[in-house]
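Here is a short report on a few places in one protein chain. Keep the structure in view as you read.

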Amino acid sequence: MPDVLFATVGAVLGLGVGFVAAFVLLRQREARETSAAQTAAANIMSEAESKAREMVVAAKDDALEIKDEAEREAKRKRREFDQELERLETRREKLDRRFDQAENRARNLDARERKLDAQQQRADQAEAELVAELERVAGMTREDAHEELLVQVADEYRADAARLIREIEMEARDTGEQKAREIVVSCIQRCATDVVSDIVSTAVPLPSDEMKGRIIGRQGRNIRAFEQATGVDVVVDDTPEAVLLSCFDPVRREVGRRSLLALVEDGRIHPARIEQVVERTRSEVDLLIREAGKSAAFDAGVHGLHQELTDLLGRLKFRTSYGQNVLAHSVETSRLAAMLAAETGGDVDAARAAGLLHDIGKAVSHEVEGPHAQIGADIAHRYGVPDRVVNAIASHHHESEPETLEALLVETADAISGSRPGARRESLELYIKRIKALENVANAFEGVQESYAIQAGREIRIVVRPDDVDDLAAAELSRDIARKVEETLEYPGQIKVTVIREMRAVEFAK
């Protein structure tokens with residue numbers, strides 16, 4: 001038992017001694033680690049203090065450098081400010097001197113004005129006294145003398161003015177006509193169009209006279225059905241193997257002509273068949289009109305037109321003017337206007353479009369009241385055509401005033417296309433009416449003794465009474481008659497107006 005007790009006590013003591021030793025070892029280890037940490041902390045603090053001192057020194061150096069730079073900049077600004085202040089002071093002194101000089105000049109001017117006013121008053125008084133003395137000596141007032149002087153000056157300078165006008169006209173005619181002739185001839189030579197005009201015929205040939213009876217039908221039912229379907233009057237007369245179609249609308253007349261040809265060729269002519277053929281032919285003509293309009297725009301080089309405008313252009317294929325096809329005339333006018341614009345520095349595209357569209361009003365002139373130029377201008381404006389083109393269309397027959405160079409060029413091109421050799425023909429009846437109207441216009445003027453239209457109406461010669469019309473009045477009369485002819489008559493090309501004044505002194509020897 002005692003042995004066990006001693007063993008237990010020994011074991012307990014051994015454990016205690018082990019714990020104490022371990023505790024001592026741990027304390028020593030902690031002491032070593034604490035010492036090492038303190039040493040590291042001291043090193044870190046030392047390095048931090050060293051770096052801090054270096055940064056402070058660098059900051060001080062930077063601050064000194066910035067301070068020096070600021071002082072140098074401040075000195076430079078101060079010098080510039082002093083220089084600017086000196087310049088301003090110099091300018092102020094100059095302005096002061098100029099102001100003093102201006103005041104001196106103003107005082108001198110005031111003195112001169114007062115002196116001039118006094119002199120003017122004395123001069124006015126002297127002039128009034130002189131005028132009164134002159135009126136007393138001459139026996140007339142100033143107004144009477146002024147009126148008489150004006151009459152004398154007018155008489156003296158009237159002849160000089162007329163002579164000067166004549167010289168200017170001759171000079172302008174010598175230079176302007178030559179240049180214009182060169183441009184026009186060049187454009188005509190470059191415009192390669194056919195001389196022979198296309199004429200839409202209204203006569204429909206028949207294989208035999210027996211076909212006339214089939215066209216008329218029993219109790220006239222066929223011809224009535226045909227006229228009602230086409231709107232065209234059919235004239236069946238004694239003309240061998242032909243019938244005539246009459247209608248104010250050229251498109252309807254073309255539909256009627258094609259329909260009648262198709263019916264004659266087919267041989268079946270009755271009201272139902274007539275309606276079918278006319279309807280089919282009308283569709284074919286509409287397609288032909290559209291293609292003709294597109295082809296004309298392409299040939300003229302005008303693009304971007306509204307579809308309605310090209311359709312109206314196509315309708316001109318069946319319209320003639322003095323035997324000249326209006327659509328071909330429009331294309332020719334477009335080309336001529338473009339050439340003239342290129343020669344004279346105008347807008348080529350605008351001149352080309354205006355030349356093509358200038359007669360588009362003729363496509364509906366039988367449906368709308370008014371001149372075809374104004375109708376065409378309204379149509380073009382409605383479909384977005386530029387204003388300069390619209391003005392050229394409206395003014396090519398002087399219904400409106402031309403506002404652009406292109407308007408004058410289109411008018412010129414229209415006259416060239418209509419008056420060139422072979423372009424147009426005129427019936428004998430219309431020709432006689434035009435000649436009589438031309439002579440009537442000339443005879444309506446005072447002082448005209450006789451008038452003669454010569455050269456197929458392209459020139460009119462007027463003989464005046466020498467006692468009523470002097471040389472100056474003769475020149476004025478020729479211009480007045482030419483202007484009246486332009487305003488009242490329609491004619492192809494141009495008309496030359498020649499006024500002849502002949503003075504004859506007759507005496508008899510007895």
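The side chains of Glu 459 and Arg 461 are joined by a polar contact of 3.0 Å. This is a predicted model, and the values here are computed from it. Glu 459 lies in strand E7, which covers residues 459-464. Is Glu 459 buried or exposed? Buried means under 20% relative accessible area. Glu 459 has 5% relative accessibility, so it counts as buried.

What does Glu 459 touch, leaving aside its neighbours within four places in sequence? Tyr 452, Ala 453 and Ile 454 are among its contacts. Ile 495, Lys 496 and Thr 498 complete the list.

Now turn to another buried residue. Val 364 is in the loop between helix H9 and helix H10. Its relative accessibility is 11%, so Val 364 counts as buried. Its contacts, leaving aside neighbours within four places in sequence, are Leu 312, Ile 375 and Ile 379. Val 364 and Gly 376 are twelve residues apart along the chain, and their C-alpha atoms are separated by 8.7 Å.

The two buried residues can be set side by side.

| Residue | Place | Relative accessibility |
|---|---|---|
| Glu 459 | strand E7 | 5% |
| Val 364 | loop between H9 and H10 | 11% |

Next comes the helix before that loop. H9 spans residues 348-357. Seven of its ten residues are buried, so H9 is largely enclosed by the rest of the structure. Which residues of H9 are buried? They are Ala 350, Ala 351, Ala 353, Ala 354, Gly 355, Leu 356 and Leu 357. At the N-terminal end of H9, Asp 347 acts as a cap. One of its side-chain oxygens lies 3.2 Å from the backbone nitrogen of Asp 349.

Last, look at a pair of helices. H5 covers residues 250-266, and H6 covers residues 271-300. Their axes come within 9 Å and cross at roughly 130°. That angle makes H5 oblique to H6. The crossing is right-handed.

Which residues of H5 meet H6? They are Val 251, Val 255, Arg 258, Ser 259, Ala 262, Leu 263 and Asp 266. On the H6 side, the partners include Arg 273, Ile 274, Val 277, Val 278 and Thr 281. Arg 282, Val 285, Leu 288 and Ile 289 of H6 also take part. By class, this contact has ten nonpolar, two polar and four charged residues. An α-helix has 3.6 residues a turn, so residues three or four places apart point the same way.

Key:
Residues numbered from 1 in each chain as written. Predicted model: local features only at pLDDT ≥ 70, side-chain atom pairs only at ≥ 80, totals over all residues. Heavy atoms only, no water. Helix = DSSP H or I, 4+ residues; strand = E, 2+ residues; numbered from the N terminus. Buried < 20%, exposed > 50% of the residue type's maximum accessible area, 1.4 Å probe, protein only. Polar contact = N/O pair within 3.5 Å; in protein donor to acceptor, adjacent residues only side chain to side chain. Contact = heavy atoms within 4.5 Å. Axes fitted to C-alpha atoms, helices over the stretch in contact; angles between N-to-C directions. Parallel < 35°, antiparallel > 145°, perpendicular 65-115°, else oblique. Left-handed = near helix turned anticlockwise from the far one by under 90°. Nonpolar A, V, L, I, M, F, W, Y, C, P; charged D, E, K, R; others polar.
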